[in-house]
Amino acid sequence: MLRQKVRQLEQNGEIQRDYEAYTEPKLENGEAYDFIVVGAGSSGSALVYRLSEIFHWKILLLEAGGEPDILTDIPFWSPILHYTKQNWRYYSEKEDNIALGLKNQRIHYPRGKALGGSSTLNLMIFTRGVEEDYNRWANLGNPGWSYVDVFPVFQRLENCTLRYRDEIYRGYDGPISASKIYTGEYADVFLDAAMNAGYDCVDYNGRTNEGVSYLQTNIKDGFRCSGERCYLKPIKDRPNLTIRLNSHVSKILIDHKTAYGVEFYRNGHKYIAYANKEVILSAGAIASPQILMLSGIGPEDQLLKFGIKPVCYLPVGRKMLDHPSYLNIAYTFDKPLTFNGTAALDDKWFKQLYNKRTGLLANTGTGGNILFTRTSIAPNESTDIEIVYTGSSFASSGGLGLGGTFGVNDETYNFTMKPYEGQYMGACGVFLLHPRSHGRLELRSANPFDHPKIFTGFFTDPGNEDIKAMIAGIREAKRIMQTPPFDKYGTKEIDKPVYGCQHLKYDSDEYWECVLRHLGTSVFHPSTTCKMGPAEDPEAVVDHRLRVYGVANLRVVDTSIIPISLTAHLNIPAYMIGEKAADIIKEDHLFAYI
C-alpha cells in the first residue's frame with residue numbers, strides 16, 4: 001500500500017523523487033579489475049567512494065541485493081523495511097534458556113541486502129563510540145586504531161548540523177549527516193526527566209557520552225542518509241567504477257595462498273572476475289566469515305566437516321560480539337505523547353517530505369532520546385548501559401512494529417501486550433554495551449546460498465554478570481520514568497507479567513532475569529567474527545592493516561574485524577572502517593616505494 005501511494009503521488013506529479021536508477025555495462029565472464037570489493041554495505045560504500053578517487057584504479061563492486069526499496073529513504077517507515085526483500089532475514093539458532101518468548105526461540109538478525117547494506121534498513125542512529133573504546137582496540141596490538149588515529153576519520157565522514165554540539169569534536173564537510181530530527185513532546189519530556197534524575201544533557205559524540213541527549217541521526221534533508229544515498233549515488237557514474245547488483249559471491253579464488261579473484265552467481269549463472277591487486281571482503285559480520293570459510297579459510301573442523309579444501313586454518317567465526325537488549329519497559333499515558341502511525345499515512349505528510357524535506361515522515365518513527373550510563377559492575381571505564389526512549393512498544397501497530405521486528409511469539413504477545421493495543425504508549429529499551437558473553441558463527445553447509453548458523457551466546461557468562469548489569473539498567477530506566485516530568489501525563493508502568501514469568505514476584509531480580517531470558521534479544525550489532533589482532537592472538541583473523549593472515553592480496557573491511565565491544569551502534573564505526581581502509585590501501589599501493 002505504501003509503495004503504491006508513493007508511486008501514485010509521483011505519477012500524478014504531486015511529489016518529486018530524486019532517485020536515479022543504477023546502470024551497468026554488459027556482464028562478461030572473466031572480467032579483470034584492480035580491486036574487487038564484495039558487499040555494498042556501510043563499509044563497502046565508504047571504501048569504494050574513496051578508492052575510486054584514484055582514477056587509474058579499475059574497481060568492481062559486487063552486491064548480492066538490488067537497488068533499495070522505494071520506501072528506503074523515508075525515515076518514519078524504517079521498521080517496515082525488515083519485511084522487504086532487502087533484508088537477508090538471518091535468524092539465530094535455538095539456544096538454551098534464551099529467546100524463550102520469541103518465535104521458534106530464535107532471534108531475528110536483519111541485515112541489508114541492497115546497495116547500502118544495513119544502512120538501508122537500520123534506525124539511523126548516529127553513534128561513534130568513545131575514546132576508551134579505540135584505545136583498548138589499539139592496545140590489543142593493533143597500531144593505527146587508537147582514538148587519536150580514528151578521530152580525524154570520524155570527522156572526515158561527518159556533516160554535523162546539530163545546534164547543540166561539542167564544536168571541536170564534530171565534522172562538517174563529510175558525506176554522512178549527523179542531525180537532530182523532529183521528535184515531538186515525548187522526547188522533550190524524557191530529556192527533562194533524565195535531567196531531573198541527575199543526568200547532564202550532552203553531545204554523546206563529543207567530549208563525553210555519559211548523559212542524555214536527543215537522538216542524533218544520519219538523516220539529511222528529510223531522507224535517510226544511507227551508504228547508497230550519501231556515498232554511492234554521488235559516484236555511481238565514475239568511469240573507473242563498475243557496480244553489479246544481484247551478484248552473490250560464493251567464494252574467493254585463491255592460488256598458492258594468493259587471492260586473485262572471486263566466483264559469483266547472477267540470475268542462476270556462475271561467473272568469475274579477476275583482481276590484479278586485491279580482493280576486499282565487505283560483506284558484513286555474518287556474510288564475510290561465511291565467504292572466507294567457503295573459500296577454505298577458517299577453523300579446521302568447519303572446513304573438514306563440509307569437505308571444503310583448506311587454504312589456511314584461522315579462527316573465523318569463533319567469536320561473535322553483540323549488544324544484548326530488552327526493549328519493552330513500557331508505559332501508558334492518558335494523553336498522546338507519541339506519533340500517530342495511522343496519521344502518517346495521510347498524503348500531506350508524503351508531500352511535505354518529498355517537496356519540503358520536513359514533517360512527520362522525516363523522523364525515525366520510534367526513537368526520541370538516548371542515554372548512556374555506567375553501572376557499578378561495568379567491566380571497564382566506559383559507560384556500559386545505553387537507554388533509548390521511544391514513542392513505540394512491542395504492542396504498537398498491532399505487534400507489527402517493534403513486536404514484529406523482534407519476533408515476539410503469539411502466546412507472549414497475546415498475554416502480555418495485546419491488551420494494550422490502541423493506547424497511548426512509550427517504552428525504554430536497555431542495551432548492554434560491554435557483555436562478558438559472546439557467541440559464534442558456523443557454516444550450515446557448503447552451499448553459499450544457505451544461511452550460516454548464528455549462536456548469540458547471550459547471558460552465558462559464568463558469573464551471570466551480564467544479567468546483573470541488564471537488571472541495573474532496567475531499574476535505572478524505571479527510576480527516570482518515575483520522575484515528576486512524567487506525572488502530568490498519567491504515566492503508568494505496564495506491570496502485567498511477561499508470559500512465562502507469572503510465577504515470579506513482579507519487579508524482583510528473579511522476575512527480570514526471567515523476562516530477559518524470554519524477551520532479551522539483539523539490537524543487530526554483530527561484530528568480531530573476523531577479529532583484528534596481532535599474529536600471536538589466537539582469535540585473530542586479520543592484522544592491523546586488515547590483511548587476512550596467511551593469504552596475500554586479501555583483506556576484510558567491515559564490522560567483523562572489530563576486536564572489542566564498542567560503546568556504539570555500529571553503522572558509523574562501519575563507515576569509519578571503510579574510510580580508514582581506503583587510506584591504508586592507498587598507502588600500500590601508492591606510497592609504498594616513496
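This passage describes aromatic pairs, charges placed over rings, one buried threonine and two helix packings in a predicted model.

The aromatic side chains are considered at the outset. In the predicted model, the rings of phenylalanine, tyrosine and tryptophan give a count of 25 aromatic pairs. One of these pairs joins tryptophan 137 and tryptophan 145, whose ring centres are 5.0 Å apart and whose planes make an angle of 5°. This pair is classed as stacked, because planes under 30 degrees apart count as such. Tryptophan 137 and tryptophan 145 are both buried. Elsewhere, ring pairs connect Tyr186, Phe190, Phe333, Tyr389 and Phe486, so that these residues form a cluster.

Aromatic rings also take part in arrangements with charged side chains. The ring of tryptophan 145, already described as a partner of tryptophan 137, has the charged end of lysine 580 over it, at 5.3 Å from the ring centre. A further case is provided by phenylalanine 415, over whose face lysine 496 lies, with a distance of 4.3 Å from the ring centre.

Threonine 521 belongs to strand 24, which spans residues 521–522. Because its relative accessible area is 1%, threonine 521 is described as buried, the limit for that term being under 20%. When residues up to four places away in sequence are not counted, threonine 521 touches Leu102, Ile107, His323, Pro324, Ser325, Leu327, Phe406 and Phe458.

The packing of helices is considered next. Two packed helices are described by the angle between their axes and by the distance between those axes. Helix 1, covering residues 2–11, packs with helix 9, covering residues 347–356, at an angle of about 60° and with the axes 11 Å apart. Because of this angle, helix 1 is oblique to helix 9. The residues that make the contact are Leu2, Lys5, Val6 and Leu9 on the side of helix 1, and Asp347, Phe350, Lys351 and Tyr354 on the side of helix 9. The crossing of helix 1 and helix 9 is right-handed.

For helix 4 (residues 147–157) and helix 14 (residues 571–590), the axes come within 9 Å and cross at roughly 105°. Helix 4 and helix 14 are therefore roughly perpendicular to each other, since angles of 65 to 115 degrees count as such. In this packing, Val150, Val153, Phe154, Arg156 and Leu157 of helix 4 meet Ile572, Pro573, Tyr575, Met576, Glu579, Lys580 and Asp583 of helix 14. Lysine 580 thus appears both among the residues of helix 14 that meet helix 4 and as the residue whose charged end sits over the ring of tryptophan 145.

Terms used. Residues are numbered from 1 along each chain as its sequence is written. This is a predicted model: local features need pLDDT of at least 70, side-chain atom pairs count only at pLDDT 80 or more; totals for chains, interfaces and linings use all residues. Side-chain values use heavy atoms; hydrogens and water are left out. Rings of Phe, Tyr and Trp (its six-membered ring) pair if their centres lie within 6.5 Å; planes under 30 degrees apart count as stacked, over 60 as edge-to-face and the rest as tilted. Buried means under 20% relative accessible area, exposed over 50%, partly exposed in between (1.4 Å probe, protein chains only). A charge sits over a ring if NZ of Lys or CZ of Arg is within 6 Å of the ring centre and within 35 degrees of the ring normal. Helices (H or I, at least four residues) and strands (E, at least two) are DSSP runs, numbered from the N terminus. Contact means heavy atoms within 4.5 Å. Axes are lines fitted to C-alpha atoms, for helices over the stretch in contact, and angles run from 0 to 180 degrees between N-to-C directions. Angles under 35 degrees count as roughly parallel, over 145 as roughly antiparallel, 65 to 115 as roughly perpendicular and the rest as oblique. A crossing is left-handed if the near helix is turned anticlockwise from the far one by less than a right angle, and right-handed if clockwise.
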